[in-house]
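Me: I would like to go through this model by question and answer, with the reasoning set out before each result.

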Amino acid sequence: MISFASFPSTSEAYGRYGNTRHHPDVEDDVHMDLDEDDFEENVQRLTVPGESITSSHAFMRGHGTYVDNDEVIASVAGTVERVNKLITVRAVRSRYNPEVGDLVVGRITEVQPRRWKVDANSRQDAVLMLSSVNLPGGVQRRKLESDELQMRTFFEEGDLLVAEVQAFFSDGAMSLHTRSLRYGKLRNGQLVTVPPILIRRLKSHFVSLPCGVDLILGLNGYIWVSKHVKQSEQEGEEGFDAEAVYSNKNDDIDEATRAAISRVSNIIKILAAHFVPLTDSVLLEAYEWAVEQESSVKDLLLDDVGENLVASLGSGLRQ
Amino acid sequence: MSSRIEILNDGGYRSDGRKQYELRDITIDLTQQGTADGSAQLTHGLTQVLVTVFGPREAKMRSQTLHDRAVLNVEMSVAPFSTGERRKRSRADRRILEMAAMIASTFEPVVQTNLYPRSQIDIYVHVLQQDGSLLPACINATTLALVTAGVPLLDFVCAVTGGVHSTSPLLDLTTLEENDVPHMTVAVMPRTRKVTLVTMETRLHVERFRELFELACEAGQTIHREMKYAVKDRTVALVNAMDAGSKGGAADDHDRDVVMDDRI
Amino acid sequence: MPRPPSPSIPEKEFVYGALKQSLRLDGRAMLEMRTPTLSFGPELGWVECAMGKTRVLAQVDGKMVKPPPERPLEGIISIHSELSPMASNEYEPGRPTEEEVALTRMLDKVLRRSDAVDKESLCVLAGQRVWHIRLTIHVLSDAGNMVDCACLAGIVALKHFRRPEVEVEGDEITVHHPSERAPVPLSMHHTPFCFTFAFFPDAPPLVDPARLEETLSAGLLSVALNAQKELCVVQKAGGSPLPAEEVLAIMDIAVAKARELDRLVEARLQEDWKGRVVEVR
Amino acid sequence: MSSVLPGELVPAQHVNLKLGPGLLRQSSLNGQPLVISTRAGEVHHTTNRSRWWIEGNSRRYVPAPQESVVGVVVGRSGENWKVDIGSSHTATLDGLAFEGATKRNRPNLKVGSLLFARVSLAHKDMEPELECFDAQTRKAEGHGELKGGFLVQCSLKMCRMLLDPNHFLFPLLGSRFPLESAIGMNGRVWISAKDPRQVIAIARCIEAVDPDGGGMDEAAAKKFFSTLDV
């Protein structure tokens, strides 16, 4: 009885996820097909909020679902996942959901008594306690009152850092720590933000590309792209150099490295725009492709170049 | 008005050529907008709104933080060029404040705010063009924006306007029709068919109300179908892109394993 | 100062528990209103309406103004309402709060946009002189359901008000002092009343919520309608979702309540008018 | 017993004069100390006329040490709870000021929990402090979290009346059904009974008897109580 009236469409240039509903006669079956394919293949089931997934008698509800009238119902749009009896729905895009042990990149938003607040793309700012950072003069030194007074000499508002999720507070806020020589303040590079779901758990989230660029793939979707630092400097267990760790000054970066950092950053942006999960091998492949093309760094951001780049990925494998 | 426009002519057509129960075109664009966590642009006939969602994130207004759930903060702005007569509305305009408050209270019981204590979800509603059915467009776009932001919702909220011309009910009114006939806005949650919002500001007999109300609830289901398709399309597109991407990088075995394990 | 704390857990649990058994704290039945008490002041158009401890004062006055050029044939009605901290310790001075916006908008919709007063009858001389009727609402004390009380006070004040008789001869306008000629009442199209219903999880809906019920409710639905079964405003902005049948059931309850209230208001106005005739002449 | 208005002279004279709330000592021109009232209410004094105070019927609570109050937890700051007791500032309650509380085992309060506590510190320049045990004996003596039941607000006069064992209301109600109550000096009375109907009856009776509300006397209250369906 209720239908849509059709008018000539005013705009052709809607985005990739655009969708116009015209009069029912015009096009109706496209969507139907899509649905059936998804459901029958049973490989990956997609759902939307309010859609019933299964009965709650046989299954347990996990994240992204709720129970009403003995039915497990999705509360987010995404893929249904099942582990034994546990049903969860993973949102295809959302803020970062922290887990203990995750590596994250964050930015200091506030300095509070004995703690810093860190924006880590999560539902609340993370907390970095003064007792969870390495203090100058000995890695395991106890914190002193004087440290409390000069917290800004370690981190101040706007500083970027890499840290690990240590624990959760009762209200769900996460607590971070930087008590490792690999963690701490970030320098010599730039930050790129991508949807957190694109960062998969890897063996190591510190990636060194052969082009002299280091990457830190924070699980919260923040990626630090920086100049390569020599291993020996990084691994110097004994020599915790507070001045170097908490320094606000960049090292000298030559032009080639700068270009490489920009190229990597742009590649990440393209891959994120095409929703390609980021791993070291994908990045490497993409980088090689970009160098082969000999295009300038900024040309990478052109739509067609980006599409070619994504298309080239995995082509080697498929052949 | 000197020359009265016929709302519904003898042939059963409305001033813009629609029939009584015909809805105007819906165009839904769920493309990412800037750094927002979720966004939706919804065009309903000539009414166009853009909603962006940020959050759940650290609450900016400390005093209003709730210890057991997230705060929904709705800000609405109406572009001066959105109406025929160019007019700047202040942000403190009572009508805009009321509409923003209505959107906030519509979504409070729908968003699972209890999952995010002490956080804040910001919803920014921008009205780009208005030609009637403004509140439903805002509500529908907000639902979609929240879905794209991955905010857990109990269900979609689908809204539609309805009016009565003498005794014939009409759906999805334009500004012209809203000025002339009694009308109401109804928002439904399609799964349970429950009503979250009803507003009516014009005089209407109880019996007529009943008829129109039931019709509008039905129309909500039709709108829901469209919104669901749009969300599914986007999800499929993103999931496929992700799959293609990980196939490309298949050299990482551990990466694939994680993904495969989770699948049914 | 921060807002007073929300009701404690035991209070909340008790209210929910009691309402499940259809018990209200003040001993009312679920669909029983607090009977409004209307007191009229010495002036015409001065009404104080009390529902339990909720008290609202409404006052109407009129003056002649030049109409705006876009509406030369209509009088003007303006409603001023203010929620001062005097009404309850929840309201603060300064910026309009959400409650104040809701109250102002509701009064506007119920009393003005519903065409309760015949605006064309307020025109004295087209394009030159019209009546400007001003309604001022003061919330004296808010012990729950202030909106209904304010709407009732407002509509009764408009019905109670009489404007001076006016005579027009050519371009000459004579305003007769009340002592010369009896003032005339405003011409009203209808008399809308507002009813607010509150909803609770697993409990039947109730009408005219008291303060605590209002704060704890999962959702509110306001209906304004007249005794002729014409709805003027229906407002359910969010709150817990309701099945459609329940919304319709509430309309039927409201229809009955409106008839009752209409009778009460008419009786009180007549009573007051009887006591007044002697004074006016 | 006489009534006074603010600013009136009160004939309080004693070698060991102690002034309670509502009274102010001033020196007159001839150096003679004078006592004037700063509140409206009834003047009371002990039989030996050494202690004087004014009993008013305000609703605003001013904390005084050792008074028992009913409060609502509104938040926590570190180890302490913030409790609203109706005074101008929120009171602080040490998380360990409970019977049997240790660092490991502390009562699990939530925001919104009701407490029956004693004011341990009340100073005009400081936030009031509460405790839920006797600091000497470390025994609760009835203080602690109030679970279930309902909270009634009344005037300060009403709760003083209820604390009087000779007052008619609680015996009258208690003769019909068993009930529990915790009366705070801050105008908050926590009540509990088996049936919600009974709780509602108690709440309505308290309001009816409250001099600031219905102001019923014993006979009227009895009649009113009999009309309630319990």
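Me: Into which domains is chain D divided?
Reply: This is a predicted model, and the division of chain D follows an automatic or database domain assignment. Read along the chain, the bounds are 2–55, 68–146 and 150–227. Chain D is therefore described as domain 1 (2–55), domain 2 (68–146) and domain 3 (150–227).

Me: How many Å separate the centres of domain 1 of chain D and domain 2 of chain D?
Reply: Domain 1 of chain D spans 2–55, and domain 2 of chain D spans 68–146. With the centres taken over C-alpha atoms, the separation between these two domains is 33 Å.

Me: Which residues of chain D are covered by the UniProt annotation "domain: K Homology", and what is the helix and strand content of the span?
Reply: The UniProt annotation, from an unreviewed entry, covers residues 149–196 of chain D. The end C-alpha atoms of residues 149–196 of chain D lie 9 Å apart. The content of that span is 31% helix and 31% strand.

Me: What is the helix and strand content of residues 189–230 of chain A?
Reply: In chain A, the UniProt annotation "domain: K Homology", again from an unreviewed entry, covers residues 189–230. The end C-alpha atoms of this span lie 15 Å apart, and its content is 0% helix and 48% strand.

Me: Which strands of chain A are the edge strands of the open sheet β3-β8-β9-β5?
Reply: The sheet is formed by 4 strands of chain A with mixed pairing. Within that order, β8 (residues 78–83) and β9 (residues 86–91) run antiparallel and are joined by 6 bridges, with A:G78 having A:A91 as its bridge partner. The strands that pair on one side only are β3 (45–47) and β5 (60–61).

Me: In chain B, which strand pairs with β6 in the parallel sense?
Reply: Strand β4 (residues 47–58) of chain B pairs with β6 (residues 119–129) in the antiparallel sense over 9 bridges, and B:Q48 stands opposite B:Q129 there. The parallel pairing extends over 8 bridges, and B:V71 has B:Q120 as its bridge partner in β6(B). The strand in question is β5 (residues 71–78) of chain B.

Me: How many residues of chain B are in contact with chain C, and how do they divide by residue type?
Reply: The contact involves 30 residues of chain B and 27 residues of chain C. On the chain B side, α1 (94–107), β9 (183–189), β10 (194–200), β11 (204–205) and α4 (206–248) each supply at least two residues. The 30 residues of chain B divide into 15 nonpolar, 6 polar and 9 charged.

Me: Which residue of chain C stands opposite B:T199?
Reply: β10(B) pairs with strand β14 (residues 230–243) of chain C in the antiparallel sense over 6 bridges. In β14(C), the residue opposite B:T199 is C:Q235.

Note on methods
Residues are numbered from 1 along each chain as its sequence is written. Chains are lettered from A and ligands numbered from 1 in the order in which they are written. This is a predicted model: local features need pLDDT of at least 70, side-chain atom pairs count only at pLDDT 80 or more; totals for chains, interfaces and linings use all residues. Two residues are in contact if their C-beta atoms, placed from the backbone, lie within 7 Å. Ala, Val, Leu, Ile, Met, Phe, Trp, Tyr, Cys and Pro count as nonpolar, Asp, Glu, Lys and Arg as charged, and the others, Gly among them, as polar. Two strands pair if DSSP finds at least two bridges between them. UniProt positions are given in the numbering used here, feature names are shortened, and annotations may be inferred rather than shown by experiment.
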